[in-house]
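This is a walk through the charged pairs of one chain. Please keep the sequence and the model side by side while reading.

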Amino acid sequence: MEILRADNISHSFDYPLFTNLNLSINEGQCIAIQGSSGCGKSTLLHILSTLLKPKSGKVFFKDYDIYKLSDNERLKIRRYFFGIIFQAHYLFKGFSAFENIELATVLSGNELNKDILKNLGIDELVLKKVGKLSGGQQQRVSIARVLCKNPKIIFADEATGNLDNENATNVINILKNYVRNNKAAMIFVTHDDKLASLCDKIYRFNKDGIC
């Protein structure tokens, strides 16, 4: 069943990024988005996840045209149904890893799933302050924070950029298993061909848009 669709979306800043772009994703599906730096991959992810209105076109979450909704309605979708993993972690540095994760569950009305912490290999790190963790550990905390929200769609922007190959593959498999088990979906921006190949479908940006 289709869960997200983009119809003829276009966007530009001081220069055009993409024009009349179309894509869709179904429940249980993971797609990867690839392309050269600066081609608009992260911008596309921001548009799909309610963070940036396109210059033209529509984005549908289920039956909702999300950019016709109010700001408050989009916020509710982002809080309760979407999980966004950024390249930067955006963790609260004065908090422990556990407090960062717990805050997300409180805001979304879910219970913290300790199995997620164990699977990501951070269960013994959660009482440490975020500032004491390595970049890779912080990245796994940010991923745990998103998964503990129980989102319907995960938007991941270079979510494994600070991880070694083994941990990166483990994280993608954890995200894929979550998607399968929860009738969710994932859109994953990555430069890594090997990780992209683990997804069900790959969209590639080129000079003519996306294919």
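Arg180 is a convenient starting point, and it sits in helix 6, which covers residues 165–181. The model is a predicted one, and every value below is computed from it. With a relative accessibility of 38%, Arg180 falls in the partly exposed class, because that class takes in values between 20% and 50%.

What does Arg180 touch, once its neighbours within four places in sequence are left aside? Its contacts are then Gly28, Cys30 and Asp200. As a distance across the model, the C-alpha atom of Arg180 is 24 Å from that of Leu107, a residue 73 places away along the chain.

One of those contacts, Asp200, is also a salt-bridge partner of Arg180, with 3.0 Å between the closest N and O atoms. Asp200 belongs to the loop that runs between helix 7 (193–196) and strand 9 (201–206), while Arg180 belongs to helix 6, so the pair ties together parts that are 20 residues apart in sequence. Asp200 is partly exposed, because its relative accessibility is 41% and the exposed class begins only over 50%. Both ends of this bridge are thus in the partly exposed class, Arg180 at 38% and Asp200 at 41%.

The background to such pairs is simple. Side chains of opposite charge can pair when their charged atoms come close.

How many salt bridges does the structure hold? The count is 4. Besides the one between Arg180 and Asp200, two others can be followed at the start of the chain.

There, the side chain of Glu2 forms a salt bridge with that of Arg5, at an N to O distance of 2.9 Å. Arg5 also pairs with Asp7, here with N and O 3.0 Å apart. Glu2, Arg5 and Asp7 are therefore joined in a network of salt bridges, a salt bridge being a side-chain nitrogen of Lys or Arg within 4 Å of a carboxyl oxygen of Asp or Glu.

Are the members of this network buried or exposed, or do they fall in between? Glu2 has a relative accessible area of 34% and is partly exposed. Arg5, at 25%, counts as partly exposed. Asp7 has a relative accessible area of 23%, and is partly exposed too, because a residue is buried only under 20%.

Note on methods
Residues are numbered from 1 along each chain as its sequence is written. This is a predicted model: local features need pLDDT of at least 70, side-chain atom pairs count only at pLDDT 80 or more; totals for chains, interfaces and linings use all residues. Side-chain values use heavy atoms; hydrogens and water are left out. Helices (H or I, at least four residues) and strands (E, at least two) are DSSP runs, numbered from the N terminus. Buried means under 20% relative accessible area, exposed over 50%, partly exposed in between (1.4 Å probe, protein chains only). Contact means heavy atoms within 4.5 Å.
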